[in-house]
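The report below goes through one protein model residue by residue and element by element. It is meant to be read with the sequence and the coordinates open alongside.

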Amino acid sequence: MNDIPPAFDMFHDTCKIEDGFLFKDMAVCDLGLETSAPAYLDAVASRIGYRAYDIEKGDRAGTLANIISRGLEAASISGIGKPVRIDGWDKRCVRAGPVLVESPRWALVVDRAVFPHSIYCFFLTLGREFDRVKEADGLFESYVLDGLGSELTERVADSMEKKLRGQLATSGLACSRRFSPGYCDWPLANGQKSLSKFLDTSSIGLTVLSSGAMVPAKSVSGAMIVADRLRILCPCPVCPKKDCPYRREDVWGEYEYPPRT
Ligand code: SF4
């Protein structure tokens with residue numbers, strides 16, 4: 001297990017994120033995320049199958065907003081992340097210390113990069129209290145909180161990715177979009193095992209089960225490729241799976257990152 005020498009809060013400290021980050025038990029407001037329920041209403045409603053006109057007015061929006069407020073208060077967000085040097089890759093996988101990314105598609109991103117040197121691995125969690133509140137509530141409340149948990153983990157991960165990309169850019173480095181075990185062609189259980197061998201998830205109160213599931217349930221793991229230059233930020237632009245629901249269209253055209261000057 002690797003130590004993270006300068007454990008720090010990536011959202012407030014000034015030290016370099018390249019060394020790794022660790023933050024614990026932070027509230028939504030501490031991360032600079034929206035703290036008011038209405039800012040999550042449309043996204044959560046959509047996740048649980050409502051259409052816009054279902055929640056435009058009336059009690060339904062108020063009920064959802066109250067449940068969302070409770071969920072936002074229960075979130076106690078922690079995260080850990082650190083880069084590991086890439087040892088090598090072939091058409092099927094990328095090897096970096098104890099981390100094995102068994103994904104031909106992401107191996108292609110590395111293969112097309114200019115001086116790919118590390119994989120930045122991370123775990124983020126909303127904490128056990130969020131799960132507890134979700135499980136203690138009734139069926140509908142639990143369903144809404146599940147939608148909120150998914151939305152919030154995405155926003156936390158987006159925020160971390162943005163912060164990391166910005167910091168790496170100041171050092172002249174590029175980083176790919178984040179990707180997670182269980183998505184694209186990276187097998188869930190092996191990917192999770194690999195990431196948890198590298199990062200001490202117990203330091204943020206997170207357990208990875210042999211199936212790849214995580215406790216607390218509302219957690220996210222993943223990785224990003226760090227290189228001098230990246231010709232593609234994710235495999236989607238060159239992936240033949242046209243009907244993939246996870247396709248990231250916004251990377252079309254970003255064949256050079258950073259752009260040539
Ligand atoms: S289109 Fe889907 S399967 Fe293909 S690289 Fe993108 S996320 Fe992966």
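Not counting residues up to four places away in sequence, L108 touches P235 and V238. L108 lies in helix α3, which covers residues 104–111, and the C-alpha atoms of L108 and D90, 18 residues apart along the chain, are separated by 8.5 Å. With 17 C-beta neighbours inside 10 Å, L108 falls below the 20 needed for a buried residue but above the 12 that would make it exposed, and therefore counts as partly exposed. This and everything that follows is read from a predicted model.

P235, one of the two contacts of L108, is also among the residues around the ligand. The full set around the ligand is R105, C184, P235, C236, C239, K241, C244, Y246 and R247. Sorted by class, this shell has six nonpolar and three charged residues, and no polar ones.

C184, another member of the ligand shell, sits in the loop between β7 (174–175) and α6. The phi angle of C184 is near 60°, a positive value in a residue other than glycine. With 18 C-beta neighbours inside 10 Å, C184 counts as partly exposed.

Helix α6, at the end of that loop, spans residues 188–198, and its buried residues are G191, Q192, S194, L195 and S196. What covers these buried residues includes strands β5 (99–101), β6, β8 (207–208) and β10 (219–229). L188 also belongs to helix α6, but L188 has 15 C-beta neighbours inside 10 Å and so counts as partly exposed. Leaving aside neighbours within four places in sequence, L188 is in contact with P181, G182 and G212, and L188 lies 9.9 Å from S210, C-alpha to C-alpha, across 22 residues of sequence.

Strand β6, one of the elements covering the buried residues of α6, runs over residues 114–125 and holds F122. Is F122 buried or exposed? F122 is buried, because 25 C-beta neighbours lie inside 10 Å of it. Beyond four places in sequence, the contacts of F122 are G79, I80, G81, M160, S221 and G222. For one of these contacts, M160, the C-alpha to C-alpha distance from F122 is 9.5 Å, with the two positions 38 residues apart in sequence.

F115 is placed in strand β6 as well, yet F115 is exposed, because 11 other C-beta atoms lie within 10 Å. The phi angle of F115 is near 50°, again a positive value in a residue other than glycine.

The residues for which a neighbour count has been discussed are set side by side here.

| Residue | C-beta neighbours inside 10 Å | Class |
|---|---|---|
| F122 | 25 | buried |
| C184 | 18 | partly exposed |
| L108 | 17 | partly exposed |
| L188 | 15 | partly exposed |
| F115 | 11 | exposed |

A further backbone feature concerns P216, which is placed in the loop between β9 (214–215) and β10. The peptide bond that joins V215 and P216 is cis, with omega about 0°.

Two packed helices are described by the angle between their axes and the distance between the axes. For helix α1 (residues 38–47) and helix α5 (residues 139–170), the angle is about 115° and the axes are 9 Å apart. Their crossing is right-handed. On the α1 side the meeting residues are Y40, A43, V44 and R47, and on the α5 side they are V144, G147, L148, S150 and E151. By class, this contact has five nonpolar, two polar and two charged residues.

Taken over the whole protein chain, the secondary structure comes to six helices and ten strands. Of its 261 residues, 38% count as buried. Among contacts in the chain with a separation of 6 or more, residues 24 or more positions apart account for 70%.

Confidence should be kept in view when the model is read. The protein chain averages a pLDDT of 87, and 85% of the residues score at least 70. Over residues 1–8, pLDDT stays under 50, and the model has 14 contacts beyond four places in sequence for this stretch. Over residues 252–261, pLDDT likewise stays under 50, and here the model has twelve such contacts beyond four places in sequence.

Definitions and conventions. Residues are numbered from 1 along each chain as its sequence is written. This is a predicted model: local features need pLDDT of at least 70, side-chain atom pairs count only at pLDDT 80 or more; totals for chains, interfaces and linings use all residues. Helices (H or I, at least four residues) and strands (E, at least two) are DSSP runs, numbered from the N terminus. Two residues are in contact if their C-beta atoms, placed from the backbone, lie within 7 Å. Axes are lines fitted to C-alpha atoms, for helices over the stretch in contact, and angles run from 0 to 180 degrees between N-to-C directions. A crossing is left-handed if the near helix is turned anticlockwise from the far one by less than a right angle, and right-handed if clockwise. Ala, Val, Leu, Ile, Met, Phe, Trp, Tyr, Cys and Pro count as nonpolar, Asp, Glu, Lys and Arg as charged, and the others, Gly among them, as polar. pLDDT is the predictor's confidence in each residue, from 0 to 100. A residue is near a molecule or strand if its C-beta atom, placed from the backbone, lies within 6 Å of it.
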